[in-house]
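Work through the exercises below with the sequence and model at hand. Try each task before reading its solution.

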Amino acid sequence: MGGSDSKLNFRKAVIQLTTKTQPVEATDDAFWDQFWADTITTVQDVFALVPAAEIRAVREESPSNLATLCYKAVEKLVQGAESGCLSEKEKQIVLNCARLLTRILPYIFEDPDWRGFFWSTVPGAGRDGADGDADDDGARPLAELLLLAVADLLFCPDFTVHSHRRGALDTAEDIQTLDSCEYIWEAGVGFAQSPPLNYIHDLNRTELLKLLLTCFSEAMYLPPSSENNILNPWVTFFCSTDNRHALPLFTSLLNVVCAYDPVGYGIPYNHLLFSDYREQLVEHAVQILIVTLEHEGGAAPGHSQALDSTGSPASLDDQDFVGPDNLFVNYLSRIHREEDFGFILKGLARLLTNPLIQTYLPNSTKKIQFHQELLVLFWKLCDFNKKFLFFVLKSSDVLDVLVPILYYLNDARADQSRVGLMHIGVFILLLLSGERNFGVRLNKPYTVRVPMDIPVFTGTHADLLIVVFHKIITSGHQRLQPLFDCLLTIVVNVSPYLKSLSMVAANKLLHLLEAFSTPWFLFSVSQNHHLVFFLLEVFNNIIQYQFDGNCNLVYAIIRKRAVFHQLANLPSDSGSIQKALQRKKRSPEAISRTNSQETVSMEGSRPAAPAEPGTVKTSLAATPGIDKLTEKSQVSEDGTMVSVQHTPSDHSDTESNSGRDNEDVFYTEAETARRRLSSVSSVSSWTPTPEWVLSWKTKLPLQTIMRLLQVLVPQVEKICIDKGLTDESEILKFLQHGTLVGLLPVPHPILIRKYQANAGTAMWFRTYMWGVIYLRNVDPPIWYDTDVRLFEIQRV
């Protein structure tokens with residue numbers, strides 16, 4: 001039958017379904033087979049031939065027809081899984097059913113009355129397709145039958161995996177007893193053989209993963225909730241011991257992602273010649289991984305015994321480990337071999353770096369688009385597997401992840417539609433900065449020249465980090481303000497380990513202090529003074545612990561000494577406060593006046609561009625404040641960390657209950673407007689008072705810097721007078737050999753603010769991750785124009 005005929009028949013069947021007022025019997029195979037038996041379609045065809053309005057019409061007007069269609073489609077998938085899809089016709093039926101379900105499921109999820117439908121049992125469908133008796137364990141719900149069938153089909157020889165048999169085809173019994181651990185899709189963690197590439201298998205896997213992702217997307221149709229224990233029933237079942245393929249599937253997904261090399265087989269420009277089916281598979285694999293790796297609220301002890309018999313336990317940590325019930329999380333947290341960590345880290349770093357090479361050598365290789373999903377996966381790896389985190393920080397390989405993250409942050413800073421990307425990048429750096437090794441690694445010289453529109457400098461990765469953070473703060477858009485605390489917390493965390501800042505980076509830090517310590521900025525929002533405290537803490541850490549190599553920073557502090565004197569003498573009487581507030585409010589945009597000598601940017605760079613008009617974006621949950629995001633630890637003499645109890649005198653907890661009044665961050669425009677109205681009262685009720693200014697001004701940690709200035713300024717002035725100096729290199733030489741031993745106050749203990757998980761960030765990650773998946777699946781547009789509730793869709 002020709003392609004156009006089959007499409008015509010399929011379309012006729014869809015129309016019949018919507019126009020038949022009488023329910024069609026489930027036994028009427030002639031009618032139902034029109035949807036999958038003779039049709040040769042693509043998923044794009046199915047989306048075109050089954051319009052949204054018609055799915056909704058069937059749902060409202062002939063619900064039993066929609067129910068039967070879903071039930072029959074699942075039944076066909078179950079039959080295909082049981083028979084092993086031996087004939088071409090069976091493969092076609094399975095693919096058509098998968099496409100149809102991918103099209104229909106979102107419309108089931110958007111209607112609360114239908115959401116339970118897949119969790120009800122269908123008469124006559126026993127747990128084992130064969131025995132129809134609803135005996136001791138009863139019939140399985142439709143959702144479970146669907147998920148188990150898809151799992152089986154993902155390891156179906158000659159359909160989705162390379163058959164090991166030569167000659168006679170596998171029989172149906174072999175399919176049921178097949179050890180899928182022998183059919184893992186790609187070499188890597190726990191699996192050594194790399195099966196031959198087969199683009200048909202890649203396409204078939206991709207279609208089934210698309211269906212799986214659609215099953216999991218029920219989460220998009222529930223409004224955001226801070227209840228951390230709301231589990232996605234589809235994910236929970238799929239990642240449970242009921243799914244006998246959980247381990248090989250997790251391994252296949254992870255290995256396919258980490259082994260992927262978009263450069264192709266060493267031939268530049270090869271992606272222009274032929275399509276890369278592996279790329280679509282990798283995109284869906286990484287999306288399935290990040291969605292299934294969900295933390296459970298109060299996870300019960302897991303079934304670790306189910307893991308021992310599943311193939312390749314050598315790559316998992318086999319101590320008496322009782323992990324979460326979610327087997328994907330369980331397996332991820334148990335990977336422990338160095339070579340596995342190396343394989344994962346190299347793969348992720350290669351993919352994260354790909355768009356940078358692309359920018360530098362346009363079109364030389366395929367430019368991947370799924371870096372946001374990769375960042376979420378990297379985050380989950382570090383979060384669930386502490387051994388992986390320590391492995392990442394053990395060598396300078398962590399810099400292979402740091403540089404692309406800084407590139408994305410710099411590149412996205414002016415684009416409102418990429419505010420989520422800015423957050424995930426900063427959250428990852430916050431997590432890493434809680435570990436001493438990260439600060440130490442930053443001292444490695446920065447020699448690769450990634451094309452970024454930042455000043456050219458000679459220095460270390462720490463300089464790169466500071467220069468990029470300065471650029472975000474001074475030339476990003478308004479909605480990044482809630483990240484300022486996070487950015488400066490990262491700099492505070494690494495500061496005790498920074499051996500030598502470049503002059504460019506030192507000037508950037510002082511420029512921020514100058515901007516944040518202007519009286520109108522300090523008095524306009526109840527929390528702004530925290531930014532000054534963070535910067536002073538950075539200077540104190542470097543002076544106390546790394547004075548020797550940091551003559552550039554010491555010189556910059558001496559040159560800008562007036563800023564510190566003004567801070568110490570900040571007026572706190574009512575008259576001065578009012579006068580400061582009436583001065584023209586130069587918002588942080590005015591921070592961007594930088595020294596003109598630093599305008600040379602790196603070769604090949606393009607300035608960060610705002611989003612194109614009409615760009616679609618999804619809203620995000622609010623970002624928790626820094627005091628919720630982190631907990632303080634003190635570094636003791638031997639380098640270990642001790643958790644610190646919060647004390648009321650602690651500056652970063654001052655007024656923390658009042659929230660950042662002027663930053664109704666995120667959430668949709670409507671929500672923002674609503675918050676604005678509700679916070680107008682709280683904003684107007686808060687006015688800076690002399691008592692308030694004194695409450696934090698007296699705690700400004702200025703002693704160390706004032707002592708340094710008191711000792712060094714007269715010496716530097718004397719050199720200048722004696723030698724008639726205007727040349728700063730002589731002064732730097734003097735500072736380099738100077739010492740303040742015995743002249744400074746006793747070093748304060750190092751305080752690190754370590755990231756800690758909480759319900760707020762869990763919610764943030766869920767909305768961000770599903771928002772990314774929603775926007776990235778445009779061909780076909782699986783969720784467009786359906787009534788998603790987890791976030792709102794806006795045009796920039």
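**Exercise 1.** Which residues does Met 503 touch, not counting residues up to four places away in sequence?

*Solution.* This is a predicted model: local features need pLDDT of at least 70, side-chain atom pairs count only at pLDDT 80 or more, and totals for chains, interfaces and linings use all residues. Residues are numbered from 1 along each chain as its sequence is written, and side-chain values use heavy atoms, with hydrogens and water left out.
- Place the residue: Met 503 is in helix H22 (residues 503–516). Helices (H or I, at least four residues) and strands (E, at least two) are DSSP runs, numbered from the N terminus.
- List the neighbours: Met 503 touches Asn 552, Tyr 555, Glu 728 and Leu 732. Contact means heavy atoms within 4.5 Å.
- Check burial: Met 503 counts as buried because its relative accessibility is 17%. Buried means under 20% relative accessible area, exposed over 50%, partly exposed in between (1.4 Å probe, protein chains only).
- Add a distance: the C-alpha atoms of Met 503 and Asn 550 are separated by 9.4 Å, and the two residues are 47 apart along the chain.

**Exercise 2.** Describe the surroundings of Gln 287, starting from its helix.

*Solution.*
- Gln 287 lies in helix H12 (residues 277–292).
- Gln 287 counts as buried because its relative accessibility is 1%.
- Beyond four places in sequence, Gln 287 touches Leu 213, Glu 373, Ile 773, Arg 776 and Asn 777.
- With Asn 777 there is also a polar contact, side chain to side chain, at 3.2 Å. A polar contact is a pair of N or O atoms within 3.5 Å; within protein, one must be able to donate a hydrogen and the other to accept it, and residues adjacent in sequence count only if both atoms are side-chain atoms.

**Exercise 3.** Which residues of helix H16 are buried?

*Solution.*
- H16 covers residues 386–394, and its buried residues are Phe 388, Leu 389, Phe 391, Val 392 and Leu 393.
- Recall the geometry: an α-helix has 3.6 residues a turn, so residues three or four places apart point the same way.
- Now look at the start of H16: a side-chain oxygen of Asn 385 comes within 3.1 Å of the backbone nitrogen of Lys 387.

**Exercise 4.** How do helices H17 and H18 cross?

*Solution.*
- Two packed helices are described by the angle between their axes and the distance between the axes.
- The axes of H17 (residues 398–412) and H18 (residues 419–433) come within 9 Å and cross at roughly 145°. Axes are lines fitted to C-alpha atoms, for helices over the stretch in contact, and angles run from 0 to 180 degrees between N-to-C directions.
- The H17–H18 crossing is left-handed. A crossing is left-handed if the near helix is turned anticlockwise from the far one by less than a right angle, and right-handed if clockwise.
- H17 contributes residues including Leu 402, Ile 405 and Leu 409 to the contact, and H18 residues including Met 422, Gly 425 and Leu 429.

**Exercise 5.** In what order do the strands of the open sheet run?

*Solution.*
- Three strands form the sheet in the order E3-E2-E4, with antiparallel pairing. Two strands pair if DSSP finds at least two bridges between them.
- E3 (641–643) and E4 (750–755) stand at the edges, each with a single partner strand, so one side of each has no neighbour in the sheet.
- From one strand to the next, the twist averages 40°.
- E2 (residues 630–635) pairs with E4 over six bridges. Thr 630 stands opposite Tyr 755 in E4.

**Exercise 6.** Is Cys 85 buried or exposed?

*Solution.*
- Cys 85 sits in the loop between helix H5 (63–83) and helix H6 (88–109).
- Cys 85 is buried, with a relative accessible area of 1%.
- Its phi is near 50°, positive in a residue other than glycine.

**Exercise 7.** Where does the model have pLDDT under 50?

*Solution.*
- pLDDT is the predictor's confidence in each residue, from 0 to 100. The protein averages 84, and 82% of the residues score at least 70.
- Over residues 592–597 pLDDT stays under 50, and the model has six contacts there beyond four places in sequence.
- Over residues 647–683 pLDDT also stays under 50, with 72 such contacts.
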